[in-house]
Amino acid sequence: MMNHQPNVIALAEPFGLSREWDRKHAVEQIIGLMREYRATALARGALITKHVDGKIPENWVEPPQDSGRLRRVLEQRGPLTFNKPLSDDFALVVKHPAEFTALADLLMTRVPLFAIIRDPLAVMAAWQTVDMPVQRGRMPMLESFAPDNLKARLDSIDDPLDRQVELLAFQMRTYLSLGMDRIIRYEDLVADPQKALAQVCALPVPVPEHSAYDPLERYKGVDFPRLAARLLPILPLIEEFYPDFRQRWPALLPSKTAVAGSSVIDEPSRVPRSAGPEPGDDPRVFVMGAYIAAGGTHMAYEIGRVAKQRLGLSCYAVTWENETAGNSVFDYPDHFECVTREELATILRPQDIFICNPSFSDGLVGLSHHCRKLMYVQGFSSFRTLDLWFDRHIAVGGFTRDFLANVYGLEAPIINPFITTDHMPQEPWWSRPANSIWFYLKGDGQTQLALLKRLRQEISNIDPLAAAGIDWDGSMLWSGEYKQRALFAKIAERRHLITLSVCEGFGLVPLEAMAMSLTVLGFDGFGGREYMRRGVNCLVRSSPDLTGVAQDVLDCLKDPDSAAALAANGPATAALYSRARFEEGWEMELQAMLQR
């Protein structure tokens with residue numbers, strides 16, 4: 001479509017990238033090749049690219065074969081000449097699905113980056129039919145450049161279908177980080193090319209009408225029910241792109257609730273009965289430390305709310321010491337009756353569900369409590385040894401998931417936490433006091449104060465005058481210092497939030513600051529890498545680079561336009577971590593647990 005338009009050249013996988021390069025070098029090579037190809041095109045030179053018989057086709061593989069033989073790749077590689085007039089600002093569009101996906105976190109700050117996606121079940125079906133590594137659940141170029149130990153995770157998965165699901169999940173998480181305005185659905189592209197491609201390039205010349213083919217007809221012989229069942233664990237992620245995904249496949253997917261690896265629950269409002277020794281009693285849910293004033297335990301409380309509101313189960317808060325809902329910094333819309341941890345072991349039944357964070361046990365709790373046990377692992381530094389006597393471990397984000405895989409050999413799915421913007425002030429960034437800063441301090445107090453002192457010294461070394469203008473003593477914001485609504489009001493008073501937390505499982509407060517359009521700087525805390533994109537929505541670094549943090553602070557104070565631009569991207573990032581997404585993920589996990 002694009003190559004038939006004036007002032008546009010579109011190429012398919014033209015760059016020969018070496019899998020031996022590191023990620024940063026690969027990005028620099030891509031940027032250099034883009035410049036080189038533009039210059040060559042303007043000089044009317046030939047461009048090396050993939051093609052089929054001198055043309056860039058709609059499909060690179062054979063049509064489906066009635067014999068069931070895998071479809072061969074038809075691509076060739078060589079020079080093509082585009083005999084068309086070009087202005088200096090012509091649109092050069094380059095498609096590299098594997099490499100650009102793997103390097104998206106680095107490329108998105110350098111070039112306009114878009115993702116064309118397609119119905120995941122249709123994608124899975126196509127993958128079964130092609131003579132390519134992806135048919136075996138591998139994408140070598142993507143694995144070579146991807147962050148987060150993707151290759152190691154794939155190596156640890158025996159089933160090719162499970163590897164394909166892991167690949168799909170990685171791709172979708174990557175594309176979510178681009179922002180929904182950079183997503184182009186294949187189905188929308190076919191229906192209205194001009195509208196779908198408007199952000200990429202103009203299409204003034206009419207294009208031939210296309211229609212999306214029926215995957216069931218095109219991929220005859222593929223076991224669609226089996227593929228649909230494999231996609232159930234990542235349904236919440238799929239529905240970020242295809243909210244109507246279940247309606248697209250009504251015969252294969254449940255209309256409301258799916259059980260991963262099990263059966264479909266057609267009546268989610270009816271509480272499933274237990275197969276335990278007391279089949280007449282409904283399961284109950286017990287949440288360890290539900291009323292402790294910490295982000296992780298508050299998320300565990302919210303899992304209990306999902307069980308109560310969506311599944312109709314009775315929920316109880318297990319007290320660790322003497323905590324109550326009244327002495328916490330959080331609001332608790334649903335009241336849970338409290339039981340002590342000493343009482344818990346005596347009242348649990350096999351059909352009950354026990355929800356716990358890893359900080360409450362190094363093994364004894366899981367070993368001594370006989371019921372269905374579910375652990376929400378929201379970090380990697382709050383426990384000495386993970387309690388492996390639980391039935392299911394869920395990771396809060398990618399860093400924690402990889403930690404569990406590399407250290408404990410666990411394959412833990414991800415359910416991100418959520419933030420709510422209901423009580424957040426939305427004061428415009430420019431209306432807040434100039435150069436205003438919060439230093440967000442969380443963790444060991446002595447360490448945090450030492451880091452703040454060192455940061456002050458680093459800034460003073462670079463710009464003593466700027467350092468003298470910062471209200472250091474009046475700008476400390478300690479974790480747990482305010483109730484949640486008061487915390488939001490305090491955060492929204494200022495323009496910048498500098499987080500010095502070294503270890504975070506996820507990092508909710510910086511995300512909440514993004515939601516209120518603050519410029520977030522400091523350390524990523526490891527777990528913050530799930531949503532922090534340096535140069536896009538923040539200016540964070542890995543610990544302990546305080547010299548770099550100091551320079552970032554000074555850059556923002558000297559260039560408020562750039563700081564405001566980063567802050568303006570924060571709300572869109574925060575919107576990805578919604579309560580609805582959290583609740584859907586946990587409803588599925590709880591339903592799956594009830595089938596054990």
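**Cavities, sheet and overall dimensions of a predicted model**

Student: By class, how is the lining of the largest cavity divided?
Tutor: This is a predicted model, and about 40 Å³ of space lies in its largest cavity. The residues that line this cavity include Phe506, Pro510, Phe523, Tyr531 and Met532, together with Glu504 and Asp524. Gly counts as polar in this scheme, and Gly507, Gly525 and Gly528 are among the lining residues. By class, the lining has five nonpolar, five polar and two charged residues.

Student: Which residues line the second largest cavity?
Tutor: The structure holds two cavities of 30 Å³ or more, and about 30 Å³ of space lies in the second largest. Its lining divides into four nonpolar residues, one polar and one charged. The residues in question are Ile9, Ala41, Arg44, Gly45, Leu47 and Phe82.

Student: Which strands are the edge strands of the open sheet with the order S11-S10-S9-S12-S13-S14?
Tutor: Six strands form this open sheet, and their pairing is parallel. An edge strand pairs on one side only, and this applies to the strand at residues 337-340 and the strand at residues 392-395. The edge strands are therefore, given that strands are numbered from the N terminus, S11 and S14.

Student: By what angle are neighbouring strands of this sheet turned against each other on average?
Tutor: The strands follow the order S11-S10-S9-S12-S13-S14. With direction ignored, the average turn between neighbouring strands of this sheet is 25°.

Student: Which residue is the bridge partner of methionine 288 in S10?
Tutor: Strand S9 covers residues 284-288 and strand S10 covers residues 314-319. The two strands run parallel and are joined by five bridges. Methionine 288 has as its bridge partner in S10 valine 318.

Student: At about what angle does helix H25 run to S13?
Tutor: Helix H25 spans residues 579-594 and lies across three strands: S12 (353-356), S13 (372-377) and S14. S14 is also an edge strand of the open sheet. Relative to S13, helix H25 runs at about 150°.

Student: What radius of gyration does the protein have, and why does the value agree with a compact globule?
Tutor: The secondary structure comes to 25 helices and 19 strands, and the C-alpha atoms fill a box of roughly 80 × 70 × 40 Å along the principal axes. With 596 residues, a compact globule would have a radius of gyration near 25 Å. The value for the protein agrees with this expectation, and it is 26 Å.

Terms used: Residues numbered from 1 in each chain as written. Predicted model: local features only at pLDDT ≥ 70, side-chain atom pairs only at ≥ 80, totals over all residues. Heavy atoms only, no water. 1 Å grid on protein atoms, 1.4 Å probe; cavity = no way out; pocket = protein on both sides within 12 Å on 5 of 7 lines; lining within 4 Å. Points joined across faces, edges and corners; volume = space filled by probe spheres on them. Pairing = 2+ DSSP bridges. Helix = DSSP H or I, 4+ residues; strand = E, 2+ residues; numbered from the N terminus. Axes fitted to C-alpha atoms, helices over the stretch in contact; angles between N-to-C directions. Contact = heavy atoms within 4.5 Å. Rg over C-alpha atoms; globule rule 2.2 N^0.38 Å.
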